Amino acid sequence: MPAQRLSVVVTRRLPEIVETRMTELFDVRLREDDAPMSRADLVAAMTQADVVVPCIADRIDGAMLAQAGDRLKLIANYGAGVDHIDVATARQRGILVSNTPGVMTDDTADMAMALILAVLRRLPEGMAVMQSGNWDGWAPTAFMGGRVTGKRLGILGMGRIGQAVARRAHAFGMQVHYHNRRRVHPDTEAALEATYWESLDQMISRMDVISVNCPHTPSTFHLMNARRLKLMKPQAVIVNTSRGEVIDENALTRMLRAGEIAGAGLDVFEKGREVNPRLRELPNVVLLPHMGSATREGRIEMGEKVIINIKTFADGHRPPDLVVPSML
């Protein structure tokens, strides 16, 4: 596409520095508030712009793309995951899709480690007592959690984020194990002192902590289903900073309530912002509002990647972070 001042619609508020730079480069329509666009508004945006910049909360399916018309040429996603976009249909209609990989690796891995610590050491319970003013002072048996050092960590998905979690866990003295579609390079295994398991079931049954770090795809939907959750040791915990759909949330909730799993730390949920209310009642569960990538630095870097993808496309070149169906 020849270089020109492209028409761009942004679906949510972005960091001010990102919005300012977009305004300088493109004919951009920004959001006045931070409420999610309705389905009808998203369709309208796709008919009125050359480029749409959505985020994970904006589901763009085949039916919506069929109404997009001929103007839309690029969906420059603000985020690494694109499971909310029908990439195959977009490509069939000549619409490119780009994302922002890599920039949130360390932030998300930090959050996974924070959840491991919070669940094992019962941090929310301690905070709740302090906030209520009901602390009676130190006692030998109060708030006893589990030691992190020496625990076996099973990482489900050993991509960028999984490896970053492994590095942090190794520094805490955890034993690192992993399951992945493909075994990582021997040099990477050696550096992380990580043990590979070809069988996910066998790994799960032996771990003290499971960290979910794989993307949501048709093959990973409910990968941690009721059968696999039952393989976990009763004293084991699970944390998820990836996608909620990877875990059968209802099965997890039942097992947590029954004491069949010791605890969980969840930053993502199967139905987005609709969190199972029974999870909120459990003291052994730490719930966060999808904060894994929520750092100022990370969100600005995500915006910079979006701008580079759009500008490269406007200059007639392939966006550097182009998503193709074979990657999914």
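How many cavities of 30 Å³ or more does the count come to here? The count comes to 2. Keep in mind as we go that this is a predicted model.

Okay, let's start with those cavities. Rolling a probe the size of a water molecule over the atoms shows where empty space is left. The largest cavity has a volume of about 50 Å³. Around it you'll find Asn240, Gly244, Ile247, Glu249, Leu252, Leu266, Val268, Phe269 and Glu270. Sort that lining by class and you get 5 nonpolar, 2 polar and 2 charged residues.

The second largest cavity holds about 30 Å³ of space. Its lining is made by Val10, Thr11, Arg12, Leu14, Val53, Pro54, Cys55 and Tyr78. By class, that gives 6 nonpolar, 1 polar and 1 charged residues.

While Thr11 is on the screen, have a look at Asp41 in helix H2, residues 39-48. Thr11 and Asp41 sit 30 residues apart in sequence, and their C-alpha atoms are 9.2 Å apart in space. Asp41 itself is partly exposed, because its relative accessibility is 39%.

Another residue with a partner far off in sequence is Leu72, in the loop between helix H3 (62-66) and strand E4 (74-76). From Leu72 to Val8 you count 64 residues in sequence, yet C-alpha to C-alpha the gap is 9.6 Å. Is Leu72 buried or exposed? Leu72 counts as buried, because its relative accessibility is 2%. Setting aside neighbours within four places in sequence, Leu72 touches Met46, Ala49, Asp50, Val51, Val52 and Ile95.

Next up, aromatic rings. How many aromatic pairs does a search of the whole structure find? That search turns up 1. The partners are Tyr178 and Tyr196, and their pairing is tilted, with 5.2 Å centre to centre and 50 degrees between the planes. This pair links distant parts of the chain: Tyr178 belongs to strand E7 (residues 175-179), Tyr196 to strand E8 (residues 194-196), and the two are 18 residues apart. With a relative accessible area of 0%, Tyr178 is buried.

Let's stay in strand E7 for a moment, since His177 is there too. At 9% relative accessibility, His177 also counts as buried. Beyond its neighbours within four places in sequence, His177 makes contact with Arg152, Leu153, Gly154, Ile155, Thr195, Trp197, Met203 and Met207.

Now for two helices. Helix H7 covers residues 160-171, so 12 residues, and its first and last C-alpha atoms are 17 Å apart, close to the 16 Å expected at 1.5 Å a residue. Which residues of H7 are buried? They are Gly162, Ala164, Val165, Ala166, Arg168 and Ala169. And what do they pack against? Their partners are helix H5 (105-120), strand E6 (152-156), E7, helix H8 (186-192) and strand E9 (209-212). Just past the end of H7, Gly173 has a positive phi of about 85 degrees.

H5, one of those partners, has 16 residues that should span 22 Å at 1.5 Å a residue, and its end C-alpha atoms are 23 Å apart, which agrees. Why call H5 largely enclosed by the rest of the structure? Because 12 of its 16 residues are buried. Among them are Thr105, Asp107, Met111, Leu115, Ile116 and Leu120.

Last topic: backbone angles. Most residues other than glycine have a negative phi, and most peptide bonds are trans. Just after H5 comes Arg122, whose phi is positive at about 60 degrees, and this is a residue other than glycine. Arg122 belongs to the loop between H5 and helix H6 (123-132). With a relative accessible area of 26%, Arg122 is partly exposed.

Where is Glu193 found? Look in the loop between H8 and E8. Glu193 isn't a glycine either, and its phi is positive, about 50 degrees. Glu193 counts as exposed because its relative accessible area is 56%.

So, to pull a few bits together: there are 2 cavities of 30 Å³ or more, 1 aromatic pair, and a helix H5 that is largely enclosed by the rest of the structure. That's my tour, thanks for listening.

Definitions and conventions. Residues numbered from 1 in each chain as written. Predicted model: local features only at pLDDT ≥ 70, side-chain atom pairs only at ≥ 80, totals over all residues. Heavy atoms only, no water. 1 Å grid on protein atoms, 1.4 Å probe; cavity = no way out; pocket = protein on both sides within 12 Å on 5 of 7 lines; lining within 4 Å. Points joined across faces, edges and corners; volume = space filled by probe spheres on them. Nonpolar A, V, L, I, M, F, W, Y, C, P; charged D, E, K, R; others polar. Phe/Tyr/Trp six-rings, centres within 6.5 Å; stacked < 30°, edge-to-face > 60°. Helix = DSSP H or I, 4+ residues; strand = E, 2+ residues; numbered from the N terminus. Buried < 20%, exposed > 50% of the residue type's maximum accessible area, 1.4 Å probe, protein only. Contact = heavy atoms within 4.5 Å.
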